[in-house]
Amino acid sequence: MAQEKAPPSPSQDLTLEWVRDALVRQEDSIVFALIERARFPCNAPAYNPSLFPQLGGRSLVEVFVRGAEGLQAKCGRYQNPEEVPFFPDDLPAPLITAYNFPQVLHPISASVAVSDAIWYMYFNDLLPLITVEGEDGNYASTAASDLICLQALSRRIHFGKFVAEVKYRDAPLDYTTAIHAKDRDALMKLLTFEAVEEMVKRRVKKKAMVFGQNVTLEDKDSDAASQYKVDPSVVARLYEDWVIPFTKVVEVDYLLRRLD
């Protein structure tokens, strides 16, 4: 199995190749996470804050995510600039010595986040597309699957900071003019490569088909082989309607403050 390339070291410049490899690997994580979540029904009670008054007016999923982020913060997860919490306020301090992560981003990157938009999209737009109605009582397992999906999506979308940084370094003069003018439209145009976006959508759709197919040992064709654990067209739509647009918002927000 091919090993994922390590992050660039302080002495090694950020490269477009490393960024592209990371984005491709993150596609795998997202597809597998969606497949895992799709095996549970909607389980709507996990998202209803009024059903569990002992949780202080929060839904079970929100309490689960907050608790998980608190524990992960203690273990140092959010020292990594690639990780962005959904509930950053009042996170506990790490209990371990901080790892010396390479400082390849501008310091303002820590304040660039679209976590609220990802949260809303996931629960209101995406979940109805990948789950069936009903409940099976596995609320904790459902919340755990939601956490994995949310973190995979957040990591991929906020990786736009690295995308923006490497693109800026490749053509600083082009971006500097738009940044000084605070021209969001010009930056968006510089960052948009429609051919690449189409390739990404086709690739994630194919990955959903390959990773999510029902494998049998029968030699003959089976109807089961055409049934996927998550609809490949939904995965492609996820990237087209949300992942790619949200990533470009992150890129523009980062670049607008890149020269601060």
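Helix α3 (residues 115-130) and helix α4 (residues 139-158) pack at about 130°, and their axes sit 10 Å apart. This is a predicted model, where local features need pLDDT of at least 70, side-chain atom pairs count only at pLDDT 80 or more, and totals for chains, interfaces and linings use all residues. Residues are numbered from 1 along each chain as its sequence is written, and side-chain values use heavy atoms, with hydrogens and water left out.

**α3 and α4**

- Helices here are DSSP runs (H or I, at least four residues), numbered from the N terminus; axes are lines fitted to C-alpha atoms over the stretch in contact, with angles from 0 to 180 degrees between N-to-C directions.
- α3 and α4 are therefore oblique to each other (under 35 degrees is roughly parallel, over 145 roughly antiparallel, 65 to 115 roughly perpendicular, and the rest oblique).
- Their crossing is right-handed, as the near helix is turned clockwise from the far one by less than a right angle.
- On the α3 side, the residues in contact (heavy atoms within 4.5 Å) include Trp119, Tyr122 and Phe123, and they meet α4 residues including Cys149, Leu150 and Leu153.
- That contact has eleven nonpolar, four polar and one charged residues (Ala, Val, Leu, Ile, Met, Phe, Trp, Tyr, Cys and Pro count as nonpolar, Asp, Glu, Lys and Arg as charged, and the others, Gly among them, as polar).

**α5 and α9**

- Helix α5 (residues 160-170) packs on helix α9 (residues 232-256) at about 55°, with axes 8 Å apart.
- This pair is therefore oblique too, and the crossing is right-handed.
- Among the residues making the contact are Val163, Lys167 and Tyr168 of α5, plus Val250 and Tyr254 of α9.
- Six nonpolar, two polar and four charged residues make up this contact.

**Pockets**

- A pocket is an open set of points on a 1 Å grid over the protein atoms alone, where a 1.4 Å probe fits, with protein on both sides within 12 Å along at least five of seven lines; lining residues have an atom within 4 Å of a point.
- The largest one has a volume (space filled by probe spheres set on the points) of about 630 Å³.
- Its lining counts 25 residues, with Leu23, Val163, Lys167, Phe193 and Val196 nearest the centre.
- α1 gives the most to that lining, six residues, and the lining splits into 14 nonpolar, one polar and ten charged.
- The second largest pocket comes to about 460 Å³, and Tyr78, Pro81, Glu83, Ser109 and Ala110 are the closest to its centre among 24 lining residues.
- In this second lining, 14 residues are nonpolar, seven polar and three charged.

Definitions and conventions:
Helices (H or I, at least four residues) and strands (E, at least two) are DSSP runs, numbered from the N terminus.
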